[in-house]
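Could you walk me through this model in my viewer, one selection at a time? I would like to know what to click on next and what I will find there.

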Amino acid sequence: MASLGVIPGEQPQQQQQQQEQEQEENDPSVDRGIPKALGFVFKPWGRALVAIFWIVGIAGGLLAMRGFMNELQTVVPPVSGTASYQAADMKEKYFPETRFENAVLVKSKNDQPLLEFMEGSTCELQNKTAFGPEGLELDLSCTNTSALGDGCIRTGDLLIELDAVVHNLVAMGEKMGLMNSSVAAEIITAFETLVVPALEKTFPNITECPENPPTDSIVEDWMTLAADVNRTLATQFPQCVHNVVSFASLPSKTVRQTFPISSPSLGKVNATVQITLPAGTFWSLLENQMLTEDGRTMLIDAVTTSCDGKPVVPESQEDKDVANAVKKAAEEAPASLAAKVSSQTLMLDGINKGIKQTMDLSTLTMPVALLILAYMVGNLRLLICTLLNLAACLTVSILIMNPIAKKLTVSTTSPSMMMAVALGMSIDYSLFLLTRFQKEVSNGRSAVKAVTIMLGTSGKIVLVSGLTLLLCFLMMLVLPASFIANMGVAASITVLCAILAALTLSPVMLLTFPNFFGSNRRWGLSGDGCCCCCCRQRARSLSGPMEGVGQPLQSHQSAEQDHDEALDARMEKSYWPTFGGGVQRWSIPILIAFVAIAIPVAVTSLPRMSYSCGMIPFMPTDAPATKTILELQDAFGVGALFPTSLIVVPPHEKVDTDDHRQQWLSDACEALRNVAKDVNEPGSDHPFEASAFSGVMMINGKCTSMGLGSWSKVGGDYSATEVMISYSVDPFSTEGQNWITRMRNALAKQTSVGSWYLAGEGPNQMDAANETFKAFPLMISLMMVVVLILIGISFRSVIAPIRAVVCLSWMLVVTFGLAIYVFQDGCFDFLSWTQLGARSTGAMSWMSPCLACPIVVGLGLDYDIFYSESILEERQRGHPEKEAVVRALTDTANTISAAGLIMVLAFLALLLCTTPTLNEISFLLIVGILIDCIITTKLIIPAAMYWLGSCNFWPQKFPERCIDRTSSGPRHFVEVA
């Protein structure tokens, strides 16, 4: 370094460096392994390689960011071995087409009903009768092109008119001499006893028909909108298969049945009845699924199944283009309508906007956090190192995660978690490293030796804490839900990048620009060390030593004495010694008090802990996409966008013939009725009835063979069928999870009909959440094992890691207990602040505890290690255990408090945003940080260490020294045998 030349009247630089080396090697508080392992950062070529690595990494991360965001997924894949995994497997096997739905929510602007029904038919039966060689043939139809749906006939009117047709036919036969009165009576009796009951079972119970609207009514407007959506998709995406489902899209249906009739007069003859019913007949059957009770809100469903003969890839560009096209068509709806679109793709867009909102809020809180950091290190210039570390950590972690996201399922929440981890670790590690660097520079060490000691002391804290946190995140891999486990991978990669940036990029910056970062005059706002001041600095270096650099060093014993004198001076001005002394005097009551707090919190909250599922908690509450899906949910239930269905696989022998199949349809319908009875809870606000099922065997709660479902032909005709479920309860809520459990239990009683599989995103997420929380204790246990091993190795102690695990456990119990009180019990509802209000789903999102736990453990461990390392350093300097605890408290309390405040500000953006899951994670993080900074490191650890005494770092032994006060000169330490 050119500016560190020989200064007149001082030791030569070579002698000074030798003295520094001897002092460093004799200092027991400096771990020399880390500086030796990172020796390349002290070489020019090593610094160049480090700079190139991080520059390339940052550039690559910025380029990969858009691609990474596009690879994120919102759908939780089923967990292997669960009931939902089997259901998904069966659905993919028998119904392989992927359905991407864009739900169009249509409302009337003037409160005019979009559609009304009346108790009357809008068409009459027309018949064509013929006597063929095989018997009597009745061909009946009902058409009225001027009516909605080309007409509608109620079931009662149909049977009445059919009876009239038969009587007229028989009367005409008698009149023409084709039959006598006895034959006519036998035919009528046969129809009444055989044909009519069979048709009653076949036809659904239609009691209402759509009322014909006046000309230019609002009905024409929504029918025009449905046609426009269909035309838009067909025109812009001709390569795709679309189906726009609305009342207007329902087809007519034709039923043909042959009945063998035996009579004494006629013998054995066949009567064939074919009835063609117009589409309007079935509109009322879908009234509950597609129209609200007041008739002012309607659902139009635009479904895309494939493009170019291939399934549409979820959240692909093609899927996004289709969603935007439907959205644009809805925005151009007739003036009398207000149309909104909701889809999984638009939900993802809302989630991404929520992430952007969080980032924007972070930019508001970050300056305050950085100013606190600058105050603690005493130099605004050092913030450059922190910002570079943060940018490098985040971008390089994104660069690494991008190819991983192409292969594995990576959640849309991953960027927010990576940002939180990058912020927390980058700022924490910068605070630990830079405060030590400043301390050594102020003690007269050169930049090289200051960085060496920084890496040997605070670098050890960063490495041990970072590796522990990294392994804690990797313990998330034991969770069976890959959606969550892969977030642990993302977080662990971010921690690794934070460690590497802290231990390589920061030293390289400090060593490359020692004058710039070593100048503390005016908080670094002076021109010292800048390029424009090189000549002035050169002149100053010739006339005297630079500030904090190049000053003569004392011996190792003198350095320890100066350290103690400096700390003694701080202790005289600080209130922490008095506070620490009080904690030690009241150590036993303090520990008893905190145990007394933890026990009732654990008993009254943790056993009641529940969780909710779904994607809505990941969406900003004020986003248009969120409001639309909530409106859709209130009107038609979550099933409109996340349908729940039954995959029914009948035994082959029960559907191999028409008669067997008809009998199976009847049995399956009766089974569904029994299921509805078993699932329904008397007195519930949301009764579950058989009308919720819609399939080939049932419509609107009535058994029929004219159902609107379909059969699968995979493995043969009639191999499986799908029954849709329409229920107002949100399957992602706690109430919905109970409903799913009851449904599965009820289906288990109906195995004689076939195999039943409950499929859908609700059951899928419930199983994923259940399996995850079953493994949650194992994950925490493994984290604690990691803490025990790494802390034990780092401190070469048995007691220290046990004490750390106990403190972490206490913090986790209180933190999660408070979260249950807030989000499950609503203890902060009086604030009327939705971020801290009770959840409408009944509990926190199932992902929040899983994501927050490793971060809380990592940050708590950071502060614990920082404080414990300082105690260990004081013990190695010869101070008694109890004195070392107080001295370390004085030395670290402000730094830990500042670090905690910085972390609170960093995570405050997550609490201020409007995304419920991020609010919950932020609450857990902030509460955990405050407990660690205010309670654990200030009260629990000092009290526990006072109580443990010399056992704190057992079996490690320390030198004991006393202060020689016999001389009038400066005091010094004398070894005690």
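Helices here are DSSP runs of H or I with at least four residues, numbered from the N terminus. Keep in mind as you go that this is a predicted model.

**Stop 1: a nonpolar patch on the surface**

Begin with helix α23, and pick out Ile-793, which sits in that helix. Ile-793 counts as exposed, because its relative accessibility is 58% and the exposed class begins over 50%.

Now widen the selection to Val-785, Leu-788, Ile-789, Ile-793, Val-798, Ile-802, Val-806 and Trp-954. Together these residues make a nonpolar surface patch of about 730 Å². Which helices each supply at least two residues of the patch? Colour α23 (761-795) and α24 (799-824) to see them. Of the two, α23 gives the largest share of the patch, with four residues.

**Stop 2: a cis peptide bond**

Stay with Trp-954, a member of the patch, and add Pro-955 to the selection. The peptide bond running from Trp-954 to Pro-955 is cis, and its omega is near 10 degrees. Show the backbone around Pro-955 and you will be in the loop that runs between α27 (916-948) and β19 (961-964).

**Stop 3: how the helices cross**

Go back to α24 and show it together with helix α25 (residues 847-876). The axes of α24 and α25 come within 10 Å and cross at roughly 140 degrees. That angle makes α24 oblique to α25. The crossing of these two helices, α24 and α25, is right-handed.

Next, keep α25 on screen and bring in α27, the helix before the loop with Pro-955. Here the axes of α25 and α27 come within 9 Å, with a crossing angle of roughly 25 degrees. That makes α25 roughly parallel to α27, since angles under 35 degrees are classed that way. The crossing of α25 and α27 is also right-handed, if you would like to turn the view and check.

**Stop 4: two residues with positive phi**

Follow the chain through the loop between α24 and α25 and select Ser-832. Phi of Ser-832 is near 55 degrees, which is a positive value in a residue other than glycine. Is Ser-832 buried or exposed? With a relative accessibility of 68%, Ser-832 counts as exposed.

Then jump to Tyr-718, in the loop between β16 (711-712) and β17 (720-725). Tyr-718 is not a glycine either, yet it has a positive phi of about 60 degrees. The relative accessible area of Tyr-718 is 28%, so this residue is partly exposed.

**Stop 5: salt bridges**

How many salt bridges does a search of the whole structure find? The search finds 21, and a few of them are worth a visit.

Return to α25 and select Glu-869 along with Lys-460. Their side chains meet in a salt bridge, with an N to O distance of 3.8 Å. This pair links distant parts of the chain: Glu-869 belongs to helix α25 and Lys-460 to helix α13 (residues 447-474), and they are 409 residues apart. Switch on a surface and look at how covered each partner is: Glu-869 counts as buried at 8% relative accessibility, and Lys-460 is buried as well, with a relative accessible area of 12%.

For another bridge, select Glu-670 and Arg-673. The closest N and O atoms of this salt bridge are 3.7 Å apart. Both residues lie in helix α21 (residues 658-679), three residues apart, which is about one turn of the helix. Glu-670 is partly exposed, with a relative accessible area of 37%, and Arg-673 is partly exposed too, at 29%.

Now move to Arg-154 and Asp-157, whose side chains meet in a salt bridge at 3.2 Å, N to O. Arg-154 has a relative accessible area of 22% and is therefore partly exposed. Asp-157, at 19%, counts as buried, because buried means under 20%.

For the last selection, pick Lys-107, Lys-340 and Glu-631. These three residues are linked in a network of salt bridges.

Key: Residues are numbered from 1 along each chain as its sequence is written. This is a predicted model: local features need pLDDT of at least 70, side-chain atom pairs count only at pLDDT 80 or more; totals for chains, interfaces and linings use all residues. Side-chain values use heavy atoms; hydrogens and water are left out. Patches are made of residues with over 30% relative accessible area and no salt bridge: like charges are joined within 9 Å, nonpolar side chains (Val, Leu, Ile, Met, Phe, Trp, Tyr) within 5 Å. Accessible areas come from the Shrake-Rupley method with a 1.4 Å probe; for residues, only the protein chains shown count as cover. A salt bridge is a side-chain nitrogen of Lys or Arg within 4 Å of a carboxyl oxygen of Asp or Glu. Buried means under 20% relative accessible area, exposed over 50%, partly exposed in between (1.4 Å probe, protein chains only). Axes are lines fitted to C-alpha atoms, for helices over the stretch in contact, and angles run from 0 to 180 degrees between N-to-C directions. Angles under 35 degrees count as roughly parallel, over 145 as roughly antiparallel, 65 to 115 as roughly perpendicular and the rest as oblique. A crossing is left-handed if the near helix is turned anticlockwise from the far one by less than a right angle, and right-handed if clockwise.
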